[in-house]
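Reader: Hello! I'd love a close look at one part of this model, with the charged side chains in the foreground. Could you start from a single residue and work outwards, keeping the distances in view?

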Amino acid sequence: MMKDATSRAAPAPADADALREDMLRALKYSVGKDPAHATIHDWRVALSRAIRDRVVDPWFGATRRTYAAGAKRVYYLSMEFLIGRLLEDCAVNLRLDRAARAACTALGLDYDAVLANEPDAALGNGGLGRLAACFLESLSTIGCPAYGYGIRYENGLFRQTFVDGQQVELPEDWLQQRHIWEFERPEARFRIGFGGTVREEGGRACWIPAESVYAEAHDTPIVGWQGRWANTLRLWGARAVDPFDLARFNAGDFVGAAAPEALARTISRVLYPDDTTEAGRELRLKQEYFFTAASIRDILRRFDSEHDDIATLPEKVAIQLNDTHPAIAGPELVRILVDERGLAFDRALELAQGTLNYTNHTLLPEALEQWPEALLGRLLPRHLQIIAQIDDAHARAFPSRRVAVRASGQVNMGTLSFVMAHRVNGVSALHTDLMKKTVFADLHRLHPDRIVNQTNGVTPRRWLLSSNPRLARLITERIGEGWVDDLDALRALEPLADDPAFRAAFAEAKRANKAELAGWLATELGAEVDPGAMFDVQIKRIHEYKRQHMNVLETIALWREIRADPDAGWVPRVKIFGGKAAPGYRFAKQIIRLINDVAAVVNADPVTSKFLRVVYPPNYNVSMAERLIPAADLSEQISTAGKEASGTGNMKFALNGALTIGTLDGANVEIRERVGAENFLLFGMTAEEADARRAIPGHAAKAIAADPRLAGAIEEIARGTFSPAEPARYAEIVENLRGPDYFLVCSDFSDYWRAQREADARWRDRDGWIRAAILNVARSGWFSSDRTIRGYMSDIWQVRSLLEG
């Protein structure tokens, strides 16, 4: 993507020469190449080195300042950090992007090609990981002392390809090249145990693990806006304690000699290994304990280097658990305080509960992790004992409770996280309210002050300034650049929504983004799309509750209507999908194949293809999102009401001038309140109405019988229109729609169709559409992750910025 179309003609900034010289120095002394023989990869490494060197000073400065102030630190534990590419992120936040472009131009390089050479860091899957990445950047922008802790996945989630329309998972290869942005920390290494036995020594429990691995630290500095502060993302890689058995090698067992290293590294190879097997479930639990235990030990090591009294731990340390994956942090912290430091259990429990906080991200009971006691006892025997003590202590304190940490042979990690937390937060106003009424209703009754809301946000530096430079430049020309770290300043755009000249400039920026995306789709997929059509985009993890299959049904119904009356004045539309399905999630993978099969038929139809096209670029990631979101006209946020915790894609789309078509779910509710109901295309049942509808016997059959369009679309799938060689290919989807339809696709379809036709009508009024798009941008300031982090700092962590006094 062309990131700054005007800067090539602008005078080179003063620091461009210094950056060019540093690139040449890095090329020679770090890469070992001369300019005549350097590849685009070599130049990207050289530029990254030069930029990274400029991150180190604020990084070191932030660390020194934190130690000097004896400041409280935040530790954010997350299984995912979807940071994407870092070169442009760092250049922009250091205000070096123009200098970098000028330096590259002086060396005969295409700056955009250099940026595109960087692989996405394969450290996450979806919203959970991208939220964590936004939070780290905002923590640095605000100047809040913080560490992020996670796993350094060698092969990520997976690289998605399509074969005959089906998702095929291949390993990510982002670490085949050295990750330029990280610093190895061999001195920060911890031995992490699994299995074994527990015995008593000197009146204390002593855990003797049967096997161990090393957790080795890799640090990436995360710099904030204007380079005033940088925090650390510390990722753990697993290594064998005894990596090579020379005796076995000399005996001829060459494979067996290296087996310990291979087995240890499986812990940090793949994000979310398929847990449909016993081995997969064990590996997931190992991963969660591995990174959590290493992080807790590192946190305590740092605390001990500054403080003598463990009683001050909650005053100096705030640990945030991002979902239930690090829930074992509570038992681990208690174990260390009791078994290794000699504290009484009740005191250790009190300190842990004063230090830990928990963010819930789901209302789906099946997504609140549970581990069999048998598995936990085998893998973490001492922790199972401590969990029993925690549960018993809670039962004694609250004899009227109706939920328990342990139930039916399972350990409920959501309940454990709640019981061990100082604060529990939801991630949108609706989600937080529903938490109190549903998944944590009894715990909320017992602890009425524990649940608080912190609606998610996104960083405007990545998701507007960097990813949409045309719109960012237009905004800055009109209202100045103060919006970059004060997103509420976008309110100044509101009067410009009625300015014809600004509307024209806004429309031109959108048109140029769409033309650029159309060119990329043609190059990458061979897909020809009209930039003048409405770009209707749904990009997110594939899941039944996110209802990509409802979007497909509407696509089929629209295709049928266009075929029946091609001269009815249809609004041209390009349906764009993106997202991955978990490897073991069969139904979601069937939805992916159905999308691709429908696309093949619709795009080849000579009657309809000029009005309707469907594209599904594979391997959706951060870099792809940065292409799609600035070009989107319509944002599909169509989850079943009451099932999406928040969402952040919805915020990114609104911030970039797309209108939302959506339900009253997650943060959609607050987006609609902020941007105005008239600038949001609402459809569907509320959460309460959805619950009531689900209780009606045969609700799906009733909805199908009442809507011929829906019935016809389902019948096209059932009879094999999109899979003629295998007519029953989608029998599972058809049976679900006609039967239980738990996520109420059929019951919401008719209103979804109505809202889509309302979108068509509004699209025909081009000035009205652009005005609504501008108001979406102007009123999205509240959805900054800077605002979210300030809320965490005041309401949960009780920590202050060291940049703001």
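**Starting from Lys546**

Author: Happy to! Lys546 is a buried residue, with a relative accessible area of 7%. Please keep in mind that this is a predicted model. Which residue does the side chain of Lys546 meet in a salt bridge? The partner is Glu644, and the distance from N to O is 2.9 Å. This pair links distant parts of the chain, 98 residues apart. Lys546 belongs to the loop between β17 (534-539) and α22, while Glu644 sits in the loop between β20 (634-637) and α25 (649-655). Glu644, at 12% relative accessibility, is on the buried side too, because buried means under 20% relative accessible area.

There is also a salt-bridge network to look at. Asp536, Glu554, Arg573, Lys575, Glu636, Arg757 and Asp760 are joined into one network by salt bridges that share partners.

Glu644 leads us on to Asp665. The side chain of Asp665 reaches the backbone nitrogen of Glu644, at a distance of 2.8 Å. Asp665 lies in the loop between β21 (659-662) and α26 (668-675). What is the nearest side chain of opposite charge to Asp665? That is Arg547, but at 7.5 Å away. Since a salt bridge calls for a nitrogen within 4 Å of a carboxyl oxygen, Asp665 is left buried with no salt bridge. Setting aside neighbours within four places in sequence, Asp665 has contacts with Ser639, Thr640, Ala641, Gly642, Lys643 and Glu644, as well as Leu430.

From here, let's move outwards to a helix that packs against α22. Helix α29 (residues 708-718) has Leu710, Gly712, Ala713, Ile714, Glu716 and Ile717 as buried residues. An α-helix has 3.6 residues a turn, so residues three or four places apart point the same way. The buried residues of α29 pack against α22 (548-564) and α23 (586-604), and also against α28 (699-706), α30 (731-738) and α31 (745-764). At the N-terminal end, α29 is capped by Asp707, with a side-chain oxygen 2.9 Å from the backbone nitrogen of Arg709. After α29 comes Gly720, which has a positive phi near 90°.

Two of the helices that α29 packs against, α30 and α31, have Asp741 in the loop between them. Asp741 has a positive phi near 40° even though the residue is not glycine. At 1% relative accessibility, Asp741 counts as buried. Ser408 makes a nice counterpart: again not a glycine, with a positive phi of about 55°. Ser408 sits in the loop between β13 (406-407) and β14 (410-412), and is exposed, with a relative accessible area of 78%.

Back to charged pairs, now elsewhere in the chain. The salt bridges add up to 74. One pair is Arg85 and Asp120, whose closest N and O atoms are 3.5 Å apart. Arg85 is placed in the loop between β1 (73-77) and α3 (87-93), and Asp120 in the loop between α5 (111-116) and α6 (127-142), so the bridge ties together parts that are 35 residues apart in sequence. Are the two partners buried or exposed? Arg85 is partly exposed at 24% relative accessibility, whereas Asp120 is buried, with a relative accessible area of 13%.

Another pair is Asp219 with Arg234, with 2.7 Å between the closest N and O atoms. Asp219 is part of strand β8 (residues 211-223) and Arg234 of strand β9 (residues 230-240), so here the parts tied together are 15 residues apart in sequence. Both Asp219 and Arg234 are buried.

Finally, two nonpolar places. Leu170, in strand β4 (residues 166-170), is partly exposed at 31% relative accessibility. Leu170 and Arg159 are 11 residues apart along the chain, with 4.9 Å between their C-alpha atoms. Leaving out residues up to four places away in sequence, Leu170 touches Phe158, Arg159 and Thr161. On the surface, Phe244, Leu246, Phe249 and Phe254 make a nonpolar patch of about 410 Å². Among them, Leu246 belongs to helix α7 (residues 246-250).

Definitions and conventions: Residues numbered from 1 in each chain as written. Predicted model: local features only at pLDDT ≥ 70, side-chain atom pairs only at ≥ 80, totals over all residues. Heavy atoms only, no water. Patch = residues over 30% accessible without salt bridge, like charges linked within 9 Å, V, L, I, M, F, W, Y side chains within 5 Å. Areas by Shrake-Rupley, 256 points an atom, 1.4 Å probe, with all protein chains shown as cover. Helix = DSSP H or I, 4+ residues; strand = E, 2+ residues; numbered from the N terminus. Buried < 20%, exposed > 50% of the residue type's maximum accessible area, 1.4 Å probe, protein only. Lys, Arg positive; Asp, Glu negative; His and termini not counted. Polar contact = N/O pair within 3.5 Å; in protein donor to acceptor, adjacent residues only side chain to side chain. Contact = heavy atoms within 4.5 Å.
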